[in-house]
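User: I am new to this structure and would like a close look at one part of it, the loops and the helix they lead to. Please take me through it slowly and in one connected answer.

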Amino acid sequence: MERVYNATAIVDNWDDVYSFLDCLIKDVDLEKKVHANILVACEEIFVNISTYAYKHLNTPGNVTIKFLYNKIDNKICITFIDSGTKFDPTKAGNVDTTSSVQDRKIGGLGIFLVKQIMDKMEYEYAGNQNVLKLTKKL
């Protein structure tokens with residue numbers, strides 16, 4: 001089952017994106033912790049797109065979210081597509097989680113969290129669009 005949702009990439013729209021994803025994830029019937037973690041990862045990606053992807057335009061752009069549950073492989077794939085500034089989060093450096101909060105550089109913790117929650121994160125830049133695919137094996 002694949003479902004698609006289009007939203008304007010502004011942080012305030014997260015509630016609508018959340019409702020879309022939450023409903024679909026509920027249909028898969030996952031453990032509450034796994035369900036919640038997937039939503040946390042998606043929120044991080046959506047907020048990053050909303051905050052940074054279209055910053056150079058000073059106007060919000062769009063983001064397409066594709067949800068696919070593959071029952072045979074027992075995995076969920078959630079893809080985020082935007083036409084904002086090219087950015088490959090899979091190449092984001094590792095975050096030093098051993099040093100104190102005061103000594104750490106700002107940024108990167110959210111992407112680190114997504115990498116920890118999801119089993120796979122793939123990126124490509126195709127047709128002038130950022131395409132980020134998150135996969136969770138169930």
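Analyst: A good place to begin is N74, which sits in the loop between β2 (62-70) and β3 (75-82). The model is a predicted one, and in it N74 has a phi near 50°, a positive value in a residue other than glycine. N74 counts as partly exposed because its relative accessible area is 30%, and partly exposed covers the range between the limit of 20% for buried and that of 50% for exposed.

A positive phi is also found at D29, where the angle is near 65° and the residue is again one other than glycine. D29 belongs to the loop between α1 and α2 (32-53), and with a relative accessibility of 65% D29 counts as exposed.

From that loop we can turn to helix α1, which spans residues 14-28 and holds D15. D15 has a relative accessibility of 55% and therefore counts as exposed. On the surface, D15 gathers with D12, D16 and E43 in a patch of negative charge.

Helix α1 also takes part in contacts between aromatic rings, and the count of aromatic pairs comes to three. One of them joins Y5 and F20, whose ring centres are 5.0 Å apart and whose planes meet at 25°, so this pair is stacked; planes under 30 degrees apart are what the term stacked requires. Because Y5 lies in strand β1 (residues 2-8) and F20 in helix α1, the pair ties together parts that are 15 residues apart in sequence. The two partners can also be described by their accessibility: Y5 is partly exposed at 24%, whereas F20 is buried, with a relative accessible area of 14%.

Another pair is formed by W14 and F46, with ring centres 6.0 Å apart and planes at 40°, so that this pair is tilted. Since W14 lies in helix α1 and F46 in helix α2, the pair ties together parts that are 32 residues apart in sequence. Both W14 and F46 are buried, and ring pairs link these two residues with Y18 into a cluster.

Taken together, helix α1 carries the exposed residue D15, which belongs to the patch of negative charge, while F20, placed in the helix as well, is buried, and so is W14.

Technical notes. Residues are numbered from 1 along each chain as its sequence is written. This is a predicted model: local features need pLDDT of at least 70, side-chain atom pairs count only at pLDDT 80 or more; totals for chains, interfaces and linings use all residues. Side-chain values use heavy atoms; hydrogens and water are left out. Patches are made of residues with over 30% relative accessible area and no salt bridge: like charges are joined within 9 Å, nonpolar side chains (Val, Leu, Ile, Met, Phe, Trp, Tyr) within 5 Å. Accessible areas come from the Shrake-Rupley method with a 1.4 Å probe; for residues, only the protein chains shown count as cover. A salt bridge is a side-chain nitrogen of Lys or Arg within 4 Å of a carboxyl oxygen of Asp or Glu. Lys and Arg count as positive and Asp and Glu as negative; His and the chain ends are not counted. The place of a charge is taken as NZ of Lys, CZ of Arg, CG of Asp or CD of Glu. Helices (H or I, at least four residues) and strands (E, at least two) are DSSP runs, numbered from the N terminus. Buried means under 20% relative accessible area, exposed over 50%, partly exposed in between (1.4 Å probe, protein chains only). Rings of Phe, Tyr and Trp (its six-membered ring) pair if their centres lie within 6.5 Å; planes under 30 degrees apart count as stacked, over 60 as edge-to-face and the rest as tilted.
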